[in-house]
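Reader: I have a model open and would like to talk through how it is put together. Could we begin with one pair of strands and work outwards?

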Amino acid sequence: LAILNDGRLVSGSWDASIIIYNKLTYQPDLIIKEHNSGVLCIIQLMSGELVSCSYDDKEIKIFRIKGNEYEVLQTLKYHTSYVWKIIELNNNKLVSCSDDASIIFYFKDNLEFKQDYTIKTNGGCCSIIQTKDNEICYSEKNNNSICFCDLSERKIKTSLSNISMLNERREWFLMISKDLLFIPGENKISIINVNQYRLVRIIDAPGSSWICGVCKLNQNMILTGDSAQILRQWRIEGDNLILTSKKEKVHTAGINVLLNLGNGHVASGSDDNTIKIW
C-alpha cells in the first residue's frame, strides 16, 4: 500500500495489478497491469513518479501518474530474482533489494534511472530502510541478521545476529523514533538502537504468529497487524512498547501491510484479498 501526493490510496497485489482508488468512494480510478507477477512494494518518489517492484518478473517499473492516466517511463531489469523492496534515499537515489543477494543503487540522469553500484549480501535481502543520512539497514536471510551499511564508504559498518525477525517472509522495518528501529518477528518485536548498534529489547506479542504489517499512528503510537488477523495498538515509552489495545479477527486471513492514510484513517491489506479502512 502507498498514498499518492494527491491523497489517493494505491495498492499492489499478487494478481500483478496496481490499483489507484478514488479518495471519496475508494472505487478504482485506475487499474495498472504492467507487471507479470505479484507486486511486492510501491512507493511514490519525491519527484512524483510511482515506482513498483515485483516477484517473478524481477522488474522495477517507473510510472508517471496524471489524473486517471499513466505512462510507463522506465523498466529496470538488473536483479535476477524477486525484488522485495524499494526505497528512496534522502539524496533522491533509488535503492532495491532482492532474493538474488544484492542491493542495487540507482541515480537519476536526464530523467532516467541508471545503475550506480551494487552491494552483495549474505543470501536474500527482504527489507531495507534508511536509518541515517549516510546509512542503511538491511536484512540477510541466510544468517538471520541485520546489517548497517555506510553509504559513503559503501561497506558494512556492523551487523547484529539472532534478531527475532521474519526469516522467510517480508520484513517491514520502521523507524519509531530517530534512534529506534522496529523489526517484526514471530510472536516477537525487536527494538534496535541505531546509534549504539545494539538490541535494546525483545517484546513478546503472543498469539500473533508472524507480525507483517506496521505503521506509525502518531509520535507516540504504532499499529501492528499479523498473520493471526489481529490489530494491536502500542504506545511508545522510551525504548519500549506498551500494548494498549487489540482487535481480533479483523480479516479472514493474515494482515500483510498497514498504512496511515494521514486523515485519521488506516488501511490494512490482507491475504483475504481485501483492503479495509479503519
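Author: Let us start with a single pair of facing residues in this predicted model: Lys132 stands opposite Glu135 in strand S14.

Reader: OK, and how many bridges hold S13 and S14 together?

Author: S13 and S14, the latter covering residues 135-140, pair over four bridges, and they do so in the antiparallel sense.

Reader: Which order do the strands of that sheet take?

Author: The order is S13-S14-S15-S16, four strands in an open sheet with antiparallel pairing. Its edges are strand S13, residues 128-132, and strand S16, residues 155-160, each of which pairs on one side only. On average, and with direction ignored, neighbouring strands in this sheet are turned by 30° against each other.

Reader: Switching topic to S19: is it enclosed or open, and why?

Author: Strand S19, residues 188-193, is largely enclosed by the rest of the structure, because five of its six residues are buried, where buried means under 20% relative accessible area.

Reader: What does S19 pair with on the S18 side, and over how many bridges?

Author: Strand S18, residues 180-184, is joined to S19 by five bridges, and the two run antiparallel; within that pairing, Ile183 stands opposite Ser190 of S19. The two strands form a hairpin with three residues between them, and in the turn Asn187 has a positive phi of about 60°.

Reader: And how many bridges link S19 to S20?

Author: There are six bridges between S19 and strand S20, which spans residues 198-204, and this pair is likewise antiparallel. Here Ile191 of S19 faces Arg201 in S20. The hairpin of S19 and S20 has four residues between the strands, and Tyr197 takes a positive phi near 50°.

Reader: Zooming out, how many helices and strands does the protein have?

Author: The protein has zero helices and 27 strands.

Reader: What about its radius of gyration against a compact globule?

Author: The radius of gyration is 18 Å, and a compact globule with 278 residues would have one near 19 Å, so the protein agrees with that expectation. The C-alpha trace spans about 45 × 45 × 30 Å along the principal axes.

Reader: What share of the residues is buried, and how much area is exposed?

Author: Of the 278 residues, 55% count as buried, while the protein exposes about 12,300 Å², with carbon and sulfur atoms supplying 44% of that area.

Reader: Last one: what percentage of contacts join residues at least 24 apart?

Author: Among contacts between residues at least 6 apart in sequence, 37% join residues at least 24 apart.

Notes
Residues numbered from 1 in each chain as written. Predicted model: local features only at pLDDT ≥ 70, side-chain atom pairs only at ≥ 80, totals over all residues. Heavy atoms only, no water. Pairing = 2+ DSSP bridges. Axes fitted to C-alpha atoms, helices over the stretch in contact; angles between N-to-C directions. Buried < 20%, exposed > 50% of the residue type's maximum accessible area, 1.4 Å probe, protein only. Rg over C-alpha atoms; globule rule 2.2 N^0.38 Å. Contact = heavy atoms within 4.5 Å. Areas by Shrake-Rupley, 256 points an atom, 1.4 Å probe, with all protein chains shown as cover.
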